[in-house]
Amino acid sequence: MKEIFPGIYKEEKELFTVNLIEGKKVYGEKLIKNSGKEFRQLDPTRSKLGAALQIGLKNNHLKAGSKVLYLGASTGTTVSHISDIVGHDGIIYAIEFAERVFRSLSRLAKDRENIAAILADARKPEEYAWIELCDVIFCDLAQPDEIDIAIRNAHEFLKQSGILMIAIKSQSIDIAKSPQQVYKEAAAKLKQNGFDVMEQIDLEPYQEKHAMIVCRKQLTSKEPDK
Ligand SMILES: C[S@@+](CC[C@H](N)C(=O)[O-])C[C@H]1O[C@@H](n2cnc3c(N)ncnc32)[C@H](O)[C@@H]1O
């Protein structure tokens, strides 16, 4: 097992995180024992974070102790791996508005004490204004206004110089434009709104017509009012 980022491992082209809750699978993933630890496979076809890492993402700032706001948590597939990475000293505020998938997310949060499952609309950050400032925001909403939602949340909840990772599904944003055009316009909007784009990575072949943009919130004179 080679550690490629804090808490993220690779062996024979497969990615793994160390299982925070030994013996428990979250979505049917493979578990393997190695050097006295249990590793869970991070499947790039099930997780956009997994796809980005598999393809060679260079800018990953998730680590033990990170505070993360996750927009579009669904049943918690990717959230569970971030929970492994940030460990007992970190926390994930996991936002999801669909009640059906939220039930599974709540069950996950019962097992893993570093996940706060929040049933809320990411377009209304005032619904979860109580959360603390975060080091990283991970956004995977598949909505036409996803970039605006991510920017608004980053202005409210991201620390200065914090990292915003956005998984973009081009067809959710504009089906009439080419994916490359959609990604270019998303990056331009982020730049106009106070973010330095660090990396843009196409997630094909693992996630069709998806890309991930990683950017850093520029320093301003003060932290968000919280
Ligand atoms: C592509 S799925 C996310 C998959 C998940 N990130 C993973 O890797 O396991 C998008 C999710 O975002 C949720 N979503 C979309 N718009 C939302 C909003 N405005 N507020 C909260 N959740 C939203 C959807 O219900 C859906 O579960």
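**Buried charges, bridges and rings**

Guide: Thr77, Thr78, Val79, Ser80, His81, Ile82, Ser83, Asp84, Ile85 and Val86 are the buried residues of H2. Keep in mind that the model is predicted.

Visitor: What makes helix H2 "mostly covered"?

Guide: The count does. H2 spans residues 77-86, and 10 of its 10 residues are buried. After H2 comes Gly87, with a positive phi near 65 degrees.

Visitor: Why does Asp84 count as buried?

Guide: Its relative accessibility is 8%. The cut-off for buried is under 20%, so 8% qualifies Asp84 as buried.

Visitor: What makes the contact of Asp84 and Arg40 a salt bridge?

Guide: The side chains meet at 3.0 Å, N to O. The limit is within 4 Å, so the pair counts. The bridge links distant parts of the chain: Asp84 in helix H2 and Arg40 in strand S5 (residues 37-42), 44 residues apart.

Visitor: Is Arg40 buried or exposed, and how do you know?

Guide: Buried. Its relative accessible area is 0%, and the label needs under 20%.

Visitor: How many salt bridges does the whole structure have?

Guide: A search finds 16. Another one joins Lys189 and Asp148, with the closest N and O atoms 3.0 Å apart. It also links distant parts of the chain: Lys189 sits in helix H6 (residues 179-192), Asp148 in helix H4 (residues 146-157), 41 residues apart.

Visitor: Why are Lys189 and Asp148 called partly exposed?

Guide: Lys189 has a relative accessible area of 31%. Asp148 is at 41%. Buried is under 20% and exposed is over 50%. Both values fall in between, so both residues are partly exposed.

Visitor: How do you know that Glu156 and Arg152 form a salt bridge?

Guide: Their side chains meet at 4.0 Å, N to O. The criterion is within 4 Å, so the pair is accepted.

Visitor: What separates Glu156 and Arg152 along helix H4?

Guide: About one helical turn, because they are 4 residues apart. An α-helix has 3.6 residues a turn, so residues three or four places apart point the same way. Glu156 is partly exposed at 34%. Arg152 is partly exposed too, at 37%.

Visitor: Which residues do shared salt-bridge partners join into one network?

Guide: Glu29, Arg40, Asp84 and Arg112.

Visitor: Why does Glu199 have no salt bridge?

Guide: The nearest side chain of opposite charge, Lys58, is 4.6 Å away. A salt bridge needs within 4 Å, so this pair fails the test. Glu199 is nevertheless buried. Its place is in strand S11 (residues 195-202).

Visitor: What polar partner does the side chain of Glu199 have at Lys58?

Guide: The backbone nitrogen of Lys58, which lies 2.9 Å from a polar atom of that side chain. Glu199 also touches other residues, among them Gly56, Leu57, Asn59, Met212, Ile213 and Val214.

Visitor: How many aromatic pairs are there?

Guide: The structure holds 4. One of them is Tyr70 with Phe138.

Visitor: What makes the pair of Tyr70 and Phe138 stacked?

Guide: Two values. The centres are 4.9 Å apart, and pairing requires within 6.5 Å. The planes differ by 15 degrees, and stacked means under 30 degrees. So the pair is stacked. Tyr70 is in strand S6 (residues 67-71) and Phe138 in strand S9 (residues 134-139), 68 residues apart. Both Tyr70 and Phe138 are buried.

Definitions and conventions
Residues are numbered from 1 along each chain as its sequence is written. This is a predicted model: local features need pLDDT of at least 70, side-chain atom pairs count only at pLDDT 80 or more; totals for chains, interfaces and linings use all residues. Side-chain values use heavy atoms; hydrogens and water are left out. Helices (H or I, at least four residues) and strands (E, at least two) are DSSP runs, numbered from the N terminus. Buried means under 20% relative accessible area, exposed over 50%, partly exposed in between (1.4 Å probe, protein chains only). Lys and Arg count as positive and Asp and Glu as negative; His and the chain ends are not counted. A polar contact is a pair of N or O atoms within 3.5 Å; within protein, one must be able to donate a hydrogen and the other to accept it, and residues adjacent in sequence count only if both atoms are side-chain atoms. Contact means heavy atoms within 4.5 Å. Rings of Phe, Tyr and Trp (its six-membered ring) pair if their centres lie within 6.5 Å; planes under 30 degrees apart count as stacked, over 60 as edge-to-face and the rest as tilted.
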